[in-house]
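Here is a guided walk through a structure you may not have met before. Keep the 3D view open and follow along as we go from one spot to the next.

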Amino acid sequence: MTGSSRKNRKLLRWTGWFVALSATAAAIPLGLNRPVYWLIFGVIVAIWTIGFILLAHRDQARHITLHRSNAWLLAIAAIVPAWAIVQSVPLPFEQVGPGGVALSILPSASAMGALRFTIYILFFYLALIAGARQNQAHRVAILMFAGAVAHAAWGLVALNLLGDVALWGEKTAYLGFATGTFLNRNSFATFLSIGFCLGTALLFDTGAASQRGRRGARTGLDEWLNRALVLLGLVVIGLALFATQSRLGVAGALIGAVICFVLMRTGAATPSLRRFLVTFAIAIPVLAVAATAWGVGLLDRVISIEESVAFRLVAYGYALELIHAEPLLGYGFDTFRLAFESVHRPPLPGDFYWDRAHSTYLSNWVELGVVIGSLPVLLVAVVCLRLAKSVYSSSEGAMLPAAAFSAIVTAAFQSAADFGLEIPANVILLLALSGLALASSGQAHARRT
């Protein structure tokens with residue numbers, strides 16, 4: 001191995017560690033749900049990205065490049081922050097939109113939103129780079145799952161053993177529910193459900209075992225021990241999900257786990273039916289424990305869902321009024337709260353306010369317009385199609401694509417009636433998993449061709 005190759009491998013390895021650590025640590029300061037936190041995170045990501053590019057260029061690491069299709073994803077995603085900048089810049093003539101001289105009713109917020117979305121694009125680029133080698137992508141995914149388990153464990157300990165405390169001060173909201181390092185139980189549940197999908201894929205992964213077997217590594221007892229640890233992690237995440245008592249979170253995690261198993265069962269990498277039955281047999285008592293501890297509260301919330309739905313439908317109707325008023329230009333990125341106040345009226349209470357639409361799709365359409373606001377959905381659809389194709393065409397690299405596909409479906413399901421993907425830490429975790437899956441599956445395809 002040449003010195004240049006060793007440097008390249010080291011550069012990729014450190015970038016993988018950075019992606020795994022970022023996906024875990026981003027959730028610690030309130031899910032990055034404060035401008036100061038995601039700005040600090042963004043500076044770190046930008047510095048790492050610039051450093052990586054400079055070092056790769058210096059070492060002539062020409063093979064550390066993006067697949068053309070992945071580069072196009074980044075380019076199309078850049079349209080969103082570019083449009084947000086256009087919304088925030090004063091135009092030379094008046095009355096061109098809802099804000100007068102600017103399209104955005106709050107230009108400073110739209111400019112900040114553009115910066116945050118740019119950070120997402122840079123981080124996704126690093127995740128794609130980190131997945132350039134399939135073995136490393138698998139290791140990074142394991143570290144990310146371990147991070148999700150650690151967050152779940154902290155949520156349970158904080159709720160049950162430390163008197164329902166918060167990590168960064170006195171807890172003032174969602175008392176009696178697991179929130180982990182987040183402010184909102186539903187946002188915490190979104191983070192956990194993504195980790196649950198990843199753990200499900202790791203549990204039923206057969207490609208890694210076959211690879212180790214061909215290399216002469218020990219399997220048997222070691223393999224069962226590894227799977228037992230993954231299963232234990234899933235138990236911890238599952239208990240934490242029930243402790244959030246989030247209806248969408250629990251339902252989304254279950255949907256994602258089923259989709260993940262079905263993908264791997266019907267794809268090229270097929271988990272054994274015996275492993276599924278063993279897992280199911282273990283899951284029954286775990287579900288019983290969770291139902292005993294938190295099932296009553298969750299059931300009460302499910303029963304009372306009719307009242308919650310009726311309340312939200314009224315607010316959704318007002319959001320649709322906003323979309324109808326500005327279908328193309330939007331009111332400006334990150335301006336939903338101010339825009340919503342312009343249509344806020346009875347039967348909603350006078351002291352009621354929404355700083356988010358509780359539907360990421362509606363929020364995007366209100367803020368960015370229907371055309372640009374639909375771009376993230378279209379990009380996610382393209383990613384899902386590519387991931388599904390990878391699952392059914394690869395016998396060795398199906399784990400990450402199946403995990404990412406199921407996690408995306410889970411997050412998309414929850415985003416229909418909540419704002420989990422408007423919390424930066426959740427976006428970071430999903431981007432990390434999706435980037436690893438896209439890059440690693442692309443490498444597997446390149447080797448076959």
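Start with Arg 356 and Glu 422, whose side chains meet in a salt bridge with N and O 3.9 Å apart. Arg 356 sits in the loop between helix 13 and helix 14, and Glu 422 sits in the loop between helix 17 (399–415) and helix 18, so the pair ties together parts that are 66 residues apart in sequence. Is Arg 356 buried or exposed? With a relative accessibility of 16%, Arg 356 counts as buried, because the cut-off for buried is under 20%. Glu 422, at 17%, counts as buried too. Bear in mind that this is a predicted model, so what you see here is computed from predicted positions.

How many salt bridges turn up in a search of the whole structure? The answer is four. Another one of them joins Arg 116 to Asp 334, with the closest N and O atoms 2.7 Å apart. Arg 116 belongs to helix 5 (residues 107–130), while Asp 334 is in the loop between helix 12 (305–325) and helix 13 (336–341), so this pair ties together parts that are 218 residues apart in sequence. The two partners are covered to unlike degrees: Arg 116 is buried at 13% relative accessibility, whereas Asp 334 is partly exposed at 30%. Asp 334 has something else to show you, namely a positive phi of about 65 degrees, although it is not a glycine.

Then there is the salt bridge between Glu 321 and Arg 345, where the closest N and O atoms are 2.6 Å apart. Glu 321 is part of helix 12 and Arg 345 is in the loop between helix 13 and helix 14, so here the pair ties together parts that are 24 residues apart in sequence. Glu 321 counts as partly exposed at 33% relative accessibility, and Arg 345 is partly exposed as well, at 36%.

Stay in that loop for a moment. Pro 347 lies in the loop between helix 13 and helix 14, and the peptide bond leading from Pro 346 to Pro 347 is cis, with omega near 15 degrees. Now go on to helix 14 itself, which covers residues 360–368 and is mostly covered: seven of its nine residues are buried. Among the buried ones are Leu 362, Val 366 and Leu 368, but also Asn 364 and Glu 367. After helix 14 comes Gly 369, with a positive phi near 90 degrees.

For another positive phi, look at Gln 245, which is not a glycine and has a value of about 55 degrees. You'll find Gln 245 in the loop between helix 9 (221–244) and helix 10 (247–266). Its relative accessible area is 9%, so Gln 245 is buried.

Next, the empty spaces. Rolling a probe the size of a water molecule over the atoms shows where empty space is left. Searching the whole structure gives two cavities of 30 Å³ or more. The largest has a volume of about 40 Å³. Which helices each supply at least two residues of its lining? They are helix 6, helix 7 (185–203) and helix 18 (424–448). Among the lining residues are Met 144, Phe 145, Ile 194, Leu 198 and Leu 429. By type, the lining of the largest cavity has seven nonpolar residues, one polar and no charged.

The second largest cavity holds about 30 Å³ of space. Its lining includes Gly 155, Leu 159, Asp 164, Val 165, Lys 171 and Phe 177. This lining divides into five nonpolar, three polar and two charged residues.

Val 165 also leads you to the surface, where it makes a nonpolar patch of about 330 Å² with Val 157, Leu 161 and Leu 162. Val 157 is in helix 6 (residues 134–160) and, with 31% relative accessibility, counts as partly exposed.

One last stop: Ala 130, which is found in helix 5. Ala 130 has a relative accessible area of 0%, so it is buried. Which residue pairs up with Ala 130 in space while being 117 residues apart from it in sequence? That is Arg 13, with the two C-alpha atoms 7.3 Å apart.

Notes
Residues numbered from 1 in each chain as written. Predicted model: local features only at pLDDT ≥ 70, side-chain atom pairs only at ≥ 80, totals over all residues. Heavy atoms only, no water. Patch = residues over 30% accessible without salt bridge, like charges linked within 9 Å, V, L, I, M, F, W, Y side chains within 5 Å. Areas by Shrake-Rupley, 256 points an atom, 1.4 Å probe, with all protein chains shown as cover. Helix = DSSP H or I, 4+ residues; strand = E, 2+ residues; numbered from the N terminus. Buried < 20%, exposed > 50% of the residue type's maximum accessible area, 1.4 Å probe, protein only. 1 Å grid on protein atoms, 1.4 Å probe; cavity = no way out; pocket = protein on both sides within 12 Å on 5 of 7 lines; lining within 4 Å. Points joined across faces, edges and corners; volume = space filled by probe spheres on them. Nonpolar A, V, L, I, M, F, W, Y, C, P; charged D, E, K, R; others polar.
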